[in-house]
Amino acid sequence: MAHILIIGGSDAGISAALRAREVDPTTTVTMLVADAFPNYSICGLPFYLSGEVADWHQLAHRTLGDIESAGIRVRLNTRALAIDPASHTVRVQTESQA
């Protein structure tokens, strides 16, 4: 069984994770998100600040539940610090380690 690690929970990270699950539903997909807001559209921030978007939660295209229900494991508040392709490892820092 394949295991894919996605670093980043923005639109590109979510798209890659969803596509991996679409291509092979048996693939284990884990996504590292440096903060607590997966799929949060920072590009929409001016709309929130101007009042055009009343609730900042609306800037997220998908909720954490939506992502997890697609079979994607999400690790919030987890920052990738170093990638070692030769050993297939990623050194991470969690919020509790900061």
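Helix H1 lies across strands S1, S2 and S3, in what is a predicted model. Relative to S2, the helix runs at about 175 degrees.

The three strands that H1 crosses belong to an open sheet with the order S1-S2-S3 and parallel pairing. Strand S1 (3–7) and strand S3 (72–75) stand at the edges; each has a single partner strand, so one side of each is left without a neighbour in the sheet. Averaged over the sheet and with direction ignored, neighbouring strands are turned by 20 degrees against each other. In general, strands of a sheet pair through backbone hydrogen bonds, in either a parallel or an antiparallel manner.

The pairing of S1 with S2 can be followed in detail. Strand S2 covers residues 28–32, and 5 bridges join S1 to S2, with the two strands running parallel. Within this pairing, Ile7 stands opposite Leu32 in S2.

Back on the helix, H1 spans residues 11–23 and holds both Arg19 and Glu22. These two residues are 3 residues apart, about one turn of the helix. Their side chains meet in a salt bridge, with an N to O distance of 3.4 Å. That distance falls within the 4 Å cut-off for a salt bridge, so the pair qualifies. The count by this rule comes to 1 salt bridge. As a general point, side chains of opposite charge can pair when their charged atoms come close.

How exposed are the two partners? Glu22 has a relative accessible area of 56%, and Arg19 has one of 48%. The boundary for exposed is over 50%, so Glu22 is classed as exposed, while Arg19 is classed as partly exposed.

Further along the chain, strand S5 covers residues 89–94 and includes Thr94. The side chain of Thr94 is joined to that of Ser96 by a polar contact of 3.1 Å. Apart from its neighbours within four places in sequence, Thr94 is in contact with Arg75, Asn77 and Thr78. One of these, Arg75, connects the description back to the sheet, since S3 covers 72–75.

Finally, a record can be set beside the model. The UniProt annotation "domain: FAD/NAD(P)-binding", from an unreviewed entry, covers residues 3–95. In the model, the end C-alpha atoms of residues 3–95 lie 24 Å apart. The span is 26% helix and 29% strand.

Note on methods. Residues are numbered from 1 along each chain as its sequence is written. This is a predicted model: local features need pLDDT of at least 70, side-chain atom pairs count only at pLDDT 80 or more; totals for chains, interfaces and linings use all residues. Side-chain values use heavy atoms; hydrogens and water are left out. Helices (H or I, at least four residues) and strands (E, at least two) are DSSP runs, numbered from the N terminus. A polar contact is a pair of N or O atoms within 3.5 Å; within protein, one must be able to donate a hydrogen and the other to accept it, and residues adjacent in sequence count only if both atoms are side-chain atoms. Contact means heavy atoms within 4.5 Å. Buried means under 20% relative accessible area, exposed over 50%, partly exposed in between (1.4 Å probe, protein chains only). UniProt positions are given in the numbering used here, feature names are shortened, and annotations may be inferred rather than shown by experiment. Two strands pair if DSSP finds at least two bridges between them. Axes are lines fitted to C-alpha atoms, for helices over the stretch in contact, and angles run from 0 to 180 degrees between N-to-C directions.
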